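Here is my notebook for today, written as I went along. Pull up the structure and follow with me.

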Amino acid sequence: MPVKNYGVLVARVVETRREGARGTPHYQIHLTDDHGTHYRAAVNVLSQEHPSELLYLVADDFRHPLTTALEGLPGGWNTLPAGPGGPTLDFVRGNLFDPAGMRTLPPDVEGPDNDLADLLDHYVQRAVAAPEARAYVFGSRFGPEPTVKDKVFGFLPGNSVHDVHMNQGNSSRFRGDDGVWQDGGLLLRFPAQSRWVAIFLAFQSQSWHTDDTTGHTLEDVDGTRPAAGAQPVVIIAAAVNPRGPAPEAETVTLFNASPDPVDLTGWRIVSRLGHGSPVPATAPLAPGDCLAVPLTGETPLGNQGGEITLLDAAGLKVHGVSYTAGQASREGWSVVF
């Protein structure tokens, strides 16, 4: 079954604590919400499985339609139904970032700015120093435990958030935690700067090709594991807000970046909710060529921000992008990715 009690904590960062590099260390964060309730966020910095170093990506100026939905959430713990359409995280389907940009860091080594705990400290301490800043911690809630003090910071009742990392495509040992639209993550909002910082973590043992229903690695579903690597076809632009009355003639432009022709038979463009428009049946897309794909009424691109995903004939994600309401506000202009 998927992770239990999935949601997001909205709270102020109070203090942090590092656990070194022994055992299964975490970067511990003490937070309080607007009602004075205390929480601890336990962020993994080392995997129990080989290779042990975590993958990470930091978006120092995170721009995504997700942030608009998050701004409307109340302080404290918010239980979220796992699924598209809400303020949930999915590293594979949400087009939050390009997985190719993830890197590894050791959990804790001597010296400044050279390990994952240092990297987390760099951003989280900025939130400690800014009283108006708020952390949005996605994961699973444990507690409250009325008679048990928190084991790290000592507050009562015990309250914590775990699984602040990718929660799908796990190895057989942790397969029971798999699910879609239930990934963890740490977002920091700095209202005074009109800035969001997003930190995404994943284990190297996890797969990025997962079943859309279970979140299991696809080799567990059909016996195959798609090869990783640079995708030949990418989304480079979208006419999100064309001139004229609704429904407008929206299009998504594809580009073949590879040196070989690519057969697009059976490929689809889909929105966050999974509705799709077929890529027209044409000759293979030649190297360096573009193709403007007209969207059907089942795949409208909203003007308040959204996500666009390209799937191949097997239903595997080839590429994905997102856009904000600001990018879609100019009528007649295409959004360029």
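**Entry 1: domains.** Into which domains is the protein divided? I looked up the bounds and found domain 1 at residues 6-203 and domain 2 at residues 233-336.

**Entry 2: confidence.** I reminded myself that this is a predicted model, and I checked the pLDDT before going on. The mean for the protein is 91, and 96% of the residues reach 70 or more. I also noted a stretch to treat with care: over residues 220-229 the pLDDT stays under 50. For that stretch the model has twelve contacts beyond four places in sequence.

**Entry 3: between the domains.** I took the C-alpha centres of domain 1 and domain 2 and got 31 Å between them. How many residues of each domain are in contact with the other? I counted twelve from domain 1 and 14 from domain 2. The size of an interface is often given as accessible area lost when the parts come together, so I looked that up next. About 910 Å² is buried between domain 1 and domain 2, with carbon and sulfur atoms giving 48% of that area. I then searched for salt bridges between domain 1 and domain 2, and the count came out at zero.

**Entry 4: empty space.** A probe the size of a water molecule, rolled over the atoms, shows where empty space is left. My search of the whole structure turned up one cavity of 30 Å³ or more. The volume of the largest cavity is about 40 Å³. Which residues line the largest cavity? I wrote down Arg-18, Glu-19, Gly-20, Pro-25, His-26, Tyr-27, Val-45, Pro-107, Asp-108 and Ala-117. Sorting this lining by type gave me five nonpolar, two polar and three charged residues.

Key
Residues are numbered from 1 along each chain as its sequence is written. This is a predicted model: local features need pLDDT of at least 70, side-chain atom pairs count only at pLDDT 80 or more; totals for chains, interfaces and linings use all residues. Side-chain values use heavy atoms; hydrogens and water are left out. pLDDT is the predictor's confidence in each residue, from 0 to 100. Contact means heavy atoms within 4.5 Å. On a 1 Å grid over the protein atoms alone, a cavity is a set of points where a 1.4 Å probe fits but cannot get out, and a pocket is an open set with protein on both sides within 12 Å along at least five of seven lines; lining residues have an atom within 4 Å of a point. Grid points are joined across faces, edges and corners, and a volume is the space filled by probe spheres set on the points. Ala, Val, Leu, Ile, Met, Phe, Trp, Tyr, Cys and Pro count as nonpolar, Asp, Glu, Lys and Arg as charged, and the others, Gly among them, as polar. Domain bounds come from an automatic or database domain assignment. Buried area is the accessible area (1.4 Å probe) that two parts lose on being put together, summed over both. A salt bridge is a side-chain nitrogen of Lys or Arg within 4 Å of a carboxyl oxygen of Asp or Glu.
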